[in-house]
Amino acid sequence: MIRGFALVIVALLLIGAGDRRSGYDDASPDTRAMQDDDDANPGFLWVKQGENLWSEPDGKAGKSCVSCHGDATSMRGVATHYPAFDGKRGVPITLEQRINFCRTDHMEAPAFAWDDDRLLALSALVGTQSRGMMLAVEPREPFRSEGAALFNERMGQLNLSCAQCHEERAGQRLGGSRIPQGHANGYPEYRLEWQGMGSLYRRLRNCMVGVRAEPFAPDSRETAALMLYLAVRANGMRIETPAVRP
Amino acid sequence: MVRVLINVPKQVRSGEAFEVKVLISHPMESGQRRDSQGQAIPRDIINHFVCTLDGETVLDAALFPAIAANPFLSFSVVAEKSGTLALTFTDDQGVTQTEMAAINVV
């Protein structure tokens with residue numbers, strides 16, 4: 001039933017999918033080449049780390065990811081549904097948060113910090129299992145509408161909204177780089193600017209600091225709503241995790 | 001232990017050049033930056049990279065700052081017979097690591 005519902009949503013969204021551009025399409029040929037070659041894509045250093053962590057027991061329960069999930073390939077398709085609504089907590093949660101709840105609830109291990117490399121390694125491993133599959137996130141209300149409102153709301157000293165850059169001015173230039181449409185289809189991703197891996201939250205934080213706004217906290221309702229809206233906005237696009245971006 | 005990804009062809013032809021691709025996870029701190037307290041962050045880069053094939057050096061590279069984090073090295077090697085490729089690199093902290101890859105000549 002839920003799956004059928006999701007398929008209808010995807011079908012509806014595909015109608016408008018033609019003019020959407022992944023950040024990949026707006027990247028330079030060099031950056032695209034890095035993403036195209038798994039041997040040259042530094043994101044796979046994190047995927048490899050994730051493979052090691054996957055079977056490493058941690059916490060008081062003495063469990064590893066393998067204990068419940070088996071091989072990491074069983075995670076194929078999982079990333080297409082995130083952020084997913086979590087009934088217990090009443091908010092949509094990201095894949096990284098899901099991994100942390102697995103740790104605290106089932107492994108009895110402490111949660112990783114949002115920018116911990118181990119968390120990024122695990123989410124990169126899970127994310128890459130769905131590479132090439134289409135995003136199919138449930139547009140849960142009221143979070144989607146709240147996210148859409150935040151996307152269009154001006155913020156910070158520069159008084160800019162997400163939409164002003166990533167919709168109205170997408171394709172134009174900011175300094176030397178092309179402004180992408182801001183689709184979240186490759187996270188966690190390797191960003192050359194960061195010289196490292198980062199989650200979607202890191203990207204949002206960067207944008208918010210960039211317009212000189214106070215960033216939303218990683219576990220806030222605002223972040224959850226904005227991420228859900230971004231995912232729904234990118235529904236039907238193909239997952240590129242781990243993507244390489246400038 | 002830093003993470004290293006090595007890619008060599010599964011099989012290579014005798015006397016024919018093949019490509020070795022190496023991706024090393026390393027911060028490659030240039031030594032030019034300062035932290036939030038204004039203190040210089042000490043340089044920490046991989047400064048030396050050697051590749052040997054059965055003990056014979058096929059590449060000896062000196063690396064300098066201005067190479068991005070997580071360096072990617074790609075070079076050609078010619079092998080006459082099957083053997084072991086050993087990739088050894090040393091960083092500014094004196095840490096040396098060696099990774100092996102089997103070369104299968106057909």
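1. A quick cut-off before anything else: buried means under 20% relative accessible area, exposed means over 50%, and partly exposed is what falls in between. By that yardstick A:Glu138, at 35% relative accessibility, counts as partly exposed. Please keep in mind throughout that this is a predicted model.

2. Sticking with A:Glu138, this residue forms a salt bridge with A:Arg140, and the closest N and O atoms are 3.7 Å apart. A:Arg140 also counts as partly exposed, this time at 30% relative accessibility. Just along the chain there is a cis peptide bond between A:Glu141 and A:Pro142, with omega about 5°. A:Pro142 sits in the loop between α7 and α8 (143-151) of chain A.

3. That is one of two cis bonds I'd like to flag. The other runs from A:Tyr82 to A:Pro83, with omega near 0°. Here the proline is in the loop between α5 and β1 (84-86) of chain A.

4. Now for helix α7 of chain A, residues 117-128. Does its length add up, or what span should we expect from 12 residues at 1.5 Å a residue? The expected span is 16 Å, and the end C-alpha atoms are 16 Å apart, so the two agree. At the start of the helix, a side-chain oxygen of A:Asp116 comes to within 2.7 Å of the backbone nitrogen of A:Arg118.

5. How much of α7(A) is buried? The count is 10 of the 12 residues, so the rest of the structure largely encloses this helix. Among the buried residues are A:Leu119, A:Leu122, A:Leu125 and A:Val126, along with A:Ser123 and A:Thr128. Their packing partners in chain A are α4 (43-54), α5 (65-69), α6 (95-107) and β6 (196-198).

6. On to the interface. Chain B and chain A bury about 1100 Å² between them, with 55% of that on carbon and sulfur atoms. Each chain puts residues into the contact: 12 from chain B and 12 from chain A. The rule finds 7 residue pairs in polar contact across the interface, counting pairs with both residues at pLDDT 80 or more. On the chain B side, β1 (4-7) and β2 (17-24) each supply at least two of the residues that touch chain A. That side of chain B divides into 7 nonpolar, 3 polar and 2 charged residues.

7. Which residues pair up in a salt bridge with closest N and O atoms 2.9 Å apart? They are A:Asp37 and B:Lys21, and the rule finds 2 salt bridges across this interface. A:Asp37 counts as partly exposed at 23% relative accessibility, whereas B:Lys21 counts as buried at 14%.

8. Over all chains, a search of the whole structure finds 20 salt bridges. The A:Asp37 pair crosses between chains, going from the loop between α3 (29-36) and α4 of chain A to B:Lys21 in strand β2 of chain B. Elsewhere in chain A, A:Glu168 forms a salt bridge with A:Arg169, where the closest N and O atoms are 3.4 Å apart. A:Glu168 is exposed, at 55% relative accessible area, while A:Arg169 counts as partly exposed at 36%. There is also a network of salt bridges that links A:Asp86, A:Lys88, A:Arg89, A:Arg98 and A:Asp105.

9. Two backbone oddities to look at on screen. A:Glu108 has phi near 55°, a positive value in a residue other than glycine. This glutamate is in the loop between α6 and α7 of chain A and is partly exposed, with a relative accessible area of 44%. A:Gln195 likewise has phi near 55°, positive and not a glycine. A:Gln195 lies in the loop between β5 (189-191) and β6 of chain A, and counts as partly exposed at 35% relative accessibility.

10. Last, a glutamine in chain B. Is B:Gln97 buried or exposed? B:Gln97 is buried, with a relative accessible area of 7%. This residue lies in strand β7 (residues 96-103) of chain B, and its side chain reaches the backbone nitrogen of B:Val2 at 3.0 Å.

How values were computed
Residues numbered from 1 in each chain as written. Chains lettered and ligands numbered in written order. Predicted model: local features only at pLDDT ≥ 70, side-chain atom pairs only at ≥ 80, totals over all residues. Heavy atoms only, no water. Helix = DSSP H or I, 4+ residues; strand = E, 2+ residues; numbered from the N terminus. Expected span 1.5 Å × (residues − 1). Buried < 20%, exposed > 50% of the residue type's maximum accessible area, 1.4 Å probe, protein only. Contact = heavy atoms within 4.5 Å. Polar contact = N/O pair within 3.5 Å; in protein donor to acceptor, adjacent residues only side chain to side chain. Buried area = accessible area lost by both parts, 1.4 Å probe. Salt bridge = Lys/Arg side-chain N within 4 Å of Asp/Glu carboxyl O. Nonpolar A, V, L, I, M, F, W, Y, C, P; charged D, E, K, R; others polar.
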